[in-house]
Amino acid sequence: MAFSAVASAAFRLPLATRRFSNSSPRIRLQRSTIWIGHLRRIATASSMSQLTSETDASSRNDENSAEKPDDVVVQYVVLRRDLIDSWPLGSVVTQGCHASVAAIWSFRDDPVTLQYCDPQHIDSMHKVTLEVKGETQMMNLSEKLKSGGISHKLWMEQPENIPTCIATKPYLKSQVSPFFKKLKLCK
């Protein structure tokens with residue numbers, strides 16, 4: 001049903017509105033792009049928001065296929081393993097959320113942060129969640145990031161004043177990943 005409605009509406013558009021590339025025809029509707037070649041795959045989507053997200057993701061993948069994977073904009077979030085093992089999971093996740101939002105807000109005028117939060121990119125954010133053993137490693141990482149000029153937020157849980165999480169501002173992965181090479185993915 002979604003396919004026929006979108007497809008029939010698309011082909012009723014004036015020819016000047018349609019744009020074609022070598023790989024897949026597409027139609028530009030103000031800020032949205034519909035790739036005709038991908039409609040068959042997503043025709044079974046259960047809602048228009050799902051249809052839009054999958055279509056947008058497909059078009060981004062086609063448009064950005066020439067980009068290097070290391071050049072993706074990413075935000076790193078680092079949690080403490082000792083807290084993961086002793087606190088409720090929801091509480092630890094909340095610490096990561098606090099740090100992430102605080103880093104985004106603190107650096108909201110930074111061009112890379114603006115790109116990361118741009119409505120065109122909001123559904124394709126990249127985050128890497130890592131872990132350190134405890135408070136000492138968390139504080140050492142924060143100092144290492146400071147000395148390397150990497151903007152970040154060290155989240156301190158209040159009123160206890162416990163350092164629980166670090167979140168960087170968004171960076172190109174190739175620029176910031178060397179600072180996190182020795183850390184494990186959080187599992």
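Good morning. I begin with a charge placed over a ring: the charged end of Arg 108 sits over the ring of Trp 105, 4.0 Å from the ring centre. A second case involves Lys 169, which lies over the face of Tyr 171, with 4.0 Å to the ring centre. Please keep in mind that this is a predicted model.

Let me turn to ring pairs. The count of aromatic pairs comes to 1. The ring centres of Tyr 76 and Phe 180 are 4.3 Å apart and their planes lie at 5 degrees, so this pair is stacked. Tyr 76 belongs to strand β4, residues 73-80, while Phe 180 lies in the loop between α8 (173-176) and β9 (184-185), so the contact ties together parts that are 104 residues apart in sequence. Are these two residues, Tyr 76 and Phe 180, buried or exposed? Both are buried.

I come next to the salt bridges, of which the structure holds 5. Three residues, Arg 81, Asp 85 and Glu 131, are linked in a network. Within the network, the side chains of Arg 81 and Asp 85 meet at 3.0 Å, N to O. These two residues both lie in helix α4, residues 81-86, and are 4 residues apart, about one turn of the helix. Arg 81 is partly exposed, at 22% relative accessibility, whereas Asp 85 is exposed, at 57%.

The other bridge of the network joins Glu 131 to Arg 81, at 2.9 Å, N to O. Because Glu 131 lies in strand β5 and Arg 81 in helix α4, this pair ties together parts that are 50 residues apart in sequence. Glu 131 counts as buried, with 12% relative accessibility.

A further salt bridge is formed by the side chains of Glu 143 and Lys 146, at 3.5 Å, N to O. Both residues are in helix α7, 3 residues apart, a separation of about one helical turn. Glu 143 is partly exposed, with a relative accessible area of 47%, and Lys 146 is exposed, at 53%.

Finally, the second largest pocket. Its space is about 270 Å³. Two residues of the salt-bridge network, Arg 81 and Glu 131, reappear in its lining, which also includes Lys 133, Asn 140, Lys 144 and Phe 179. Which elements each supply at least two residues of this lining? They are β5 (127-132) and α7 (135-147). The largest share, 4 residues, comes from α7. By class, the lining has 6 charged, 4 nonpolar and 2 polar residues.

Thank you for your attention.

Terms used. Residues are numbered from 1 along each chain as its sequence is written. This is a predicted model: local features need pLDDT of at least 70, side-chain atom pairs count only at pLDDT 80 or more; totals for chains, interfaces and linings use all residues. Side-chain values use heavy atoms; hydrogens and water are left out. Rings of Phe, Tyr and Trp (its six-membered ring) pair if their centres lie within 6.5 Å; planes under 30 degrees apart count as stacked, over 60 as edge-to-face and the rest as tilted. Buried means under 20% relative accessible area, exposed over 50%, partly exposed in between (1.4 Å probe, protein chains only). A charge sits over a ring if NZ of Lys or CZ of Arg is within 6 Å of the ring centre and within 35 degrees of the ring normal. On a 1 Å grid over the protein atoms alone, a cavity is a set of points where a 1.4 Å probe fits but cannot get out, and a pocket is an open set with protein on both sides within 12 Å along at least five of seven lines; lining residues have an atom within 4 Å of a point. Grid points are joined across faces, edges and corners, and a volume is the space filled by probe spheres set on the points. Ala, Val, Leu, Ile, Met, Phe, Trp, Tyr, Cys and Pro count as nonpolar, Asp, Glu, Lys and Arg as charged, and the others, Gly among them, as polar. A salt bridge is a side-chain nitrogen of Lys or Arg within 4 Å of a carboxyl oxygen of Asp or Glu.
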